[in-house]
Amino acid sequence: MATGDRRRRVTIADVASHAQVSTTAVSKVIRNAYGVSPAMRDRVQAAIAELGYRPHAAARALRGRTFTIGVMLPDIRSPFFAELLDGLTEHLADTDYQAIMIQGGLTQRSEERAINALVDRPVDGILMVAPLAARTRLERVAADIPTVVLGRHERSAAYDTVCDDDDTGARLAVEHLISLGHRRIAHIAHRDNSRARPADLLHVIRAETYDRVMREHGLADEIAVVTTSYSADGGYQGARELLGRDPRPTAIFAGADQAAVGALAAAHEAGLAVPADLSVVGYDNIQLAALPNIALTTVDQDGAVMGRTAARLLLERIEGRTSALRFSVTPSLIVRRSTAAPPPESAPPQTT
């Protein structure tokens, strides 16, 4: 049964009639074009507000600008990506731009579909967060649409990059545990099917830095790595494997806070107290990490700053900048209650 006709969309002609100006004048106000008096602008903007007029995206695209930015995330469930989006939308708040989000997924096939969906739609720019695609694929996209890549360390003349100094961040985490007296420090690493150069991937850099710092401190024999994923389940499974080893580690450095939370769950399941029996360090400083019942020591790479920076660079690209820029965030260590000195070693057996 029909419920009635849909409400007719307000047009630019409706706004012009309501404001008693020409459609050309309305168009100039919408485009923020030169030659519009303050009085005319106020009259048109008042009419737009009263009528609830919204420019049609396709029509704006025909005029050369949609004021829309496409954001591709690998996984919408990641709390750290929420921090990025907060920074992005904060920077866009005082502009005419809006962000639309699409999930690239965890496979190259699903990501390629997401990239094509953004390319085929009228967006003015694209922010790709930790993409799996090869640099050549990203450069083909950037040749047609202004692009910023966040989370990869590569350099390209075709697009801007925003990343964290992951080497410094991982070093802060491992050296913090060493300074507390830990020797049996394990690491939960991440694996994906990225086609990027391994040296440009943040999780590879964090794992290699862990290995290097352990060796620098004479702890090569204590190196223990489990490669799962930067997720709660990945951290849980990785920690279960590590805690089942003999001797078990006294500390775990997880490459992401989500993995660290999974490690905390595994420790609880094993009857271990944190930090009395096991210290845990994460990476990202998500909001969850600061909750009193978690109090996770973590590396803060300031996702909001990264998001704001990515938005700024993308708008600069849209406005015509062609030179490539690379922005790196300097991380800091946030010490909370999940780390402490290791438990005293049990006394050696007495001989008679």
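## Cis peptide bonds and backbone

Pro275 sits in the loop between α11 and β9. The peptide bond leading into Pro275 from Val274 is cis, with omega near 10°. The model described here is a predicted one. A cis peptide bond also joins Asp246 and Pro247, where omega is about 0°. Pro247 belongs to the loop between α10 (232–243) and β8.

Most peptide bonds are trans, and most residues other than glycine have a negative phi. Phe67 has a positive phi, near 55°, and is not a glycine. Phe67 is located in the loop between α4 and β1.

## An aromatic pair

A search of the whole structure gives 2 aromatic pairs. One of them is formed by Phe67 and Tyr97; the pair is tilted, with 5.1 Å from centre to centre and 55° between the planes. Phe67 lies in the loop between α4 (57–62) and β1, while Tyr97 lies in the loop between α5 and β2, so the pair ties together parts that are 30 residues apart in sequence.

## The parallel sheet

An open sheet is formed by 6 strands in the order β2-β1-β3-β4-β5-β11, and the pairing is parallel. Its edge strands are β2 (98–103) and β11 (326–329), each of which pairs on one side only. On average, neighbouring strands of this sheet are turned by 15° against each other, direction ignored.

Within the sheet, β1 and β3 pair in the parallel sense over 4 bridges. Ile69 stands opposite Gly125 in β3. Helix α12, residues 303–318, packs on the sheet and touches β1, β3, β4 (147–150), β5 (160–164) and β11. The direction of α12 makes about 170° with that of β5.

## The mixed sheet

A further open sheet of 6 strands runs in the order β7-β6-β8-β9-β10-β12, and its pairing is mixed. Here the edge strands are β7 (224–228) and β12 (332–334), and each pairs on one side only. The twist from one strand to the next averages 20°.

Strands β9 (residues 279–283) and β10 (residues 297–300) pair in the parallel sense over 3 bridges. Tyr283 has Val299 in β10 as its bridge partner. Two helices can be described against this sheet. Helix α8 (residues 166–179) lies across β6 (185–190), β8 (251–254), β9, β10 and β12, and runs at about 170° to β9. Helix α11 packs on the sheet as well, touching β6, β8, β9 and β10, and its direction makes about 155° with that of β9.

## The largest pocket

The largest pocket holds about 770 Å³ of space. It is lined by 39 residues, of which Pro74, Phe81, Ala130, His190 and Tyr230 are the closest to its centre. Elements that each supply at least two residues of the lining are α5, β5, α9 (202–216) and α11 (257–269).

By class, the lining of the largest pocket divides into 18 nonpolar, 11 polar and 10 charged residues. Phe81, one of the residues closest to the pocket centre, is also among the residues that line the largest cavity.

## The cavity

The structure holds 1 cavity of 30 Å³ or more, and the largest cavity has a volume of about 30 Å³. Its lining consists of Val71, Leu73, Phe81, Leu84, Leu85, Leu88, Leu127, Val129 and Gly307.

Three elements, β1 (68–73), α5 (79–92) and β3 (125–129), each supply at least two residues of this lining. Helix α5 gives the most, with 4 residues. In the lining of the largest cavity, 8 residues are nonpolar, 1 is polar and none is charged. The polar class includes glycine, so Gly307 counts as polar here.

Strands β1 and β3, which contribute to this lining, are also the strands that pair over 4 bridges in the parallel sheet. Helix α5 appears in the linings of both spaces: it supplies at least two residues to the largest pocket and 4 residues to the largest cavity.

Definitions and conventions: Residues are numbered from 1 along each chain as its sequence is written. This is a predicted model: local features need pLDDT of at least 70, side-chain atom pairs count only at pLDDT 80 or more; totals for chains, interfaces and linings use all residues. Side-chain values use heavy atoms; hydrogens and water are left out. On a 1 Å grid over the protein atoms alone, a cavity is a set of points where a 1.4 Å probe fits but cannot get out, and a pocket is an open set with protein on both sides within 12 Å along at least five of seven lines; lining residues have an atom within 4 Å of a point. Grid points are joined across faces, edges and corners, and a volume is the space filled by probe spheres set on the points. Two strands pair if DSSP finds at least two bridges between them. Axes are lines fitted to C-alpha atoms, for helices over the stretch in contact, and angles run from 0 to 180 degrees between N-to-C directions. Contact means heavy atoms within 4.5 Å. Rings of Phe, Tyr and Trp (its six-membered ring) pair if their centres lie within 6.5 Å; planes under 30 degrees apart count as stacked, over 60 as edge-to-face and the rest as tilted.
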